[in-house]
Amino acid sequence: MPCPSPIVAAAVGTPRVAEASALAGGGTLVVPKRKSAMATVAVARVAPRGRLSLIGLGPGARDLLVPRAAAELRRAGVVIGLDQYVDQIRDLLRPGTQILASGLGAEEERARVAVEQARRGHAVALVGSGDAGVYAMASPALELAGDDIDVVGVPGVTAALAAASLLGAPLGHDHVVLSLSDLHTPWDVIERRILAAADSDLVVAFYNPRSRTRDWQLRSAMDILARHRPAATPVGVVRAASRPRQRVTLTTLGEFRPGTADMVSVVIVGCSATRVVAGRMITPRGYRWLRT
Ligand code: SAH
């Protein structure tokens, strides 16, 4: 309890100086007022403000992890993410960093643990592939985070950009990114968006195109686009971009085979202006000065 003193009150106009000053920044008193002939002291411990960094590790290759992400990882006291991602960056962490990797199956659970750890005053890094804000952990974490912690977002190279750079320049004009995962989004909503993209002649980049349990959605999506675009429209499939088993396939809407894509692939479907030049998929910027 802060300790009032009538002598101090008479001298400086307030009954508490040492303890009140120690507690001015919040926190709890750990050493109550002590006096000597020369000084009076009190000590309070201020809980550190927690920090939650939302870090995208990029598509896989270490040199596609942005330097700011590496700096945030070195700063972290707690790292949270799936094993495969934590394994990618273990060497960047300080010794003694707490790793909460496996056993946290659901996204919601990882988000909750991350926010909870930050609230306790830790510097927490929540890691995932690509960019943390694209079909990833940033949104579930921020839905839970209050203004009692600091939040730092570090942008990462998302899969669509990694894939596009391997294919050429397919995203050179307007494009849309759609996830074909109907685990959290009803298929009729996804279908409506594909239809809107088809109708608007947008280049489409599909994330989560196909998995063992979701094997018909990609065919269905491509059929919708094929009803609006010529069979010769270029399609690029990039599997495991920047990882050891990277595979780049260039085909057309008419010849596309869903089997070329899996859950670590991005499928990019061109618009009416997209073409292939020297084996590279290009969507022209369409400015008049280029048309001569
Ligand atoms: N946050 C991630 C996306 C997570 S959703 C990002 O920004 O990239 C998972 C989907 O991302 C996968 O199904 C796949 O479509 C895509 N993906 C992630 N890494 C990839 C890679 N290295 N190559 C191709 N696609 C990838």
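**Ligand contacts and pockets in a predicted model**

A nitrogen atom of the ligand lies 2.9 Å from a polar backbone atom of Ser129. The model is predicted.

Me: What makes the approach of the ligand nitrogen to Ser129 a polar contact?
Reply: The cut-off for a pair of N or O atoms is 3.5 Å. The ligand nitrogen is 2.9 Å from a polar backbone atom of Ser129, so the pair counts.

Me: How do you know that Thr158 makes a polar contact with the ligand through its side chain?
Reply: An N or O atom in the side chain of Thr158 is 2.6 Å from a ligand oxygen. The limit is 3.5 Å, so this pair counts too.

Me: What part of Ser265 does an oxygen atom of the ligand approach, backbone or side chain?
Reply: The backbone. A polar backbone atom of Ser265 is 2.6 Å from a ligand oxygen. That is within 3.5 Å, so it is a polar contact. As for cover, the protein takes up 92% of the 540 Å² of accessible area that the ligand has on its own.

Me: Which residues around the ligand are the closest?
Reply: Asp131, Val134, Thr158, Met263 and Ser265, out of 20 that surround the ligand. Each of the 20 counts because one of its heavy atoms lies within 4 Å of the ligand.

Me: How does the shell around the ligand divide by residue class?
Reply: Into 13 nonpolar, 5 polar and 2 charged residues.

Me: Why is the ligand said to sit in the largest pocket?
Reply: The test is that more than half of a molecule's atoms lie within 2 Å of the grid points. The ligand is assigned to the largest pocket, so it passes that test.

Me: What is the volume of the largest pocket, and which residues are closest to its centre?
Reply: The volume is about 1,700 Å³. Of 50 lining residues, Glu107, Tyr135, Ala136, Ser181 and Asn208 are closest to the centre. Elements giving two or more residues to this lining include helix H5 (107-119), helix H7 (159-167) and strand E13 (265-269). The lining divides into 22 nonpolar, 17 polar and 11 charged residues.

Me: What lines the second largest pocket?
Reply: 12 residues, with Ser5, Val8, Lys33, Lys35 and Thr40 nearest its centre. Helix H1 (6-12), helix H2 (18-22) and strand E1 (28-35) each give two or more residues. The volume is about 210 Å³. By class, the lining has 6 nonpolar, 2 polar and 4 charged residues.

Key:
Residues are numbered from 1 along each chain as its sequence is written. This is a predicted model: local features need pLDDT of at least 70, side-chain atom pairs count only at pLDDT 80 or more; totals for chains, interfaces and linings use all residues. Side-chain values use heavy atoms; hydrogens and water are left out. A polar contact is a pair of N or O atoms within 3.5 Å; within protein, one must be able to donate a hydrogen and the other to accept it, and residues adjacent in sequence count only if both atoms are side-chain atoms. Accessible areas come from the Shrake-Rupley method with a 1.4 Å probe; for residues, only the protein chains shown count as cover. On a 1 Å grid over the protein atoms alone, a cavity is a set of points where a 1.4 Å probe fits but cannot get out, and a pocket is an open set with protein on both sides within 12 Å along at least five of seven lines; lining residues have an atom within 4 Å of a point. Ala, Val, Leu, Ile, Met, Phe, Trp, Tyr, Cys and Pro count as nonpolar, Asp, Glu, Lys and Arg as charged, and the others, Gly among them, as polar. Grid points are joined across faces, edges and corners, and a volume is the space filled by probe spheres set on the points. Helices (H or I, at least four residues) and strands (E, at least two) are DSSP runs, numbered from the N terminus.
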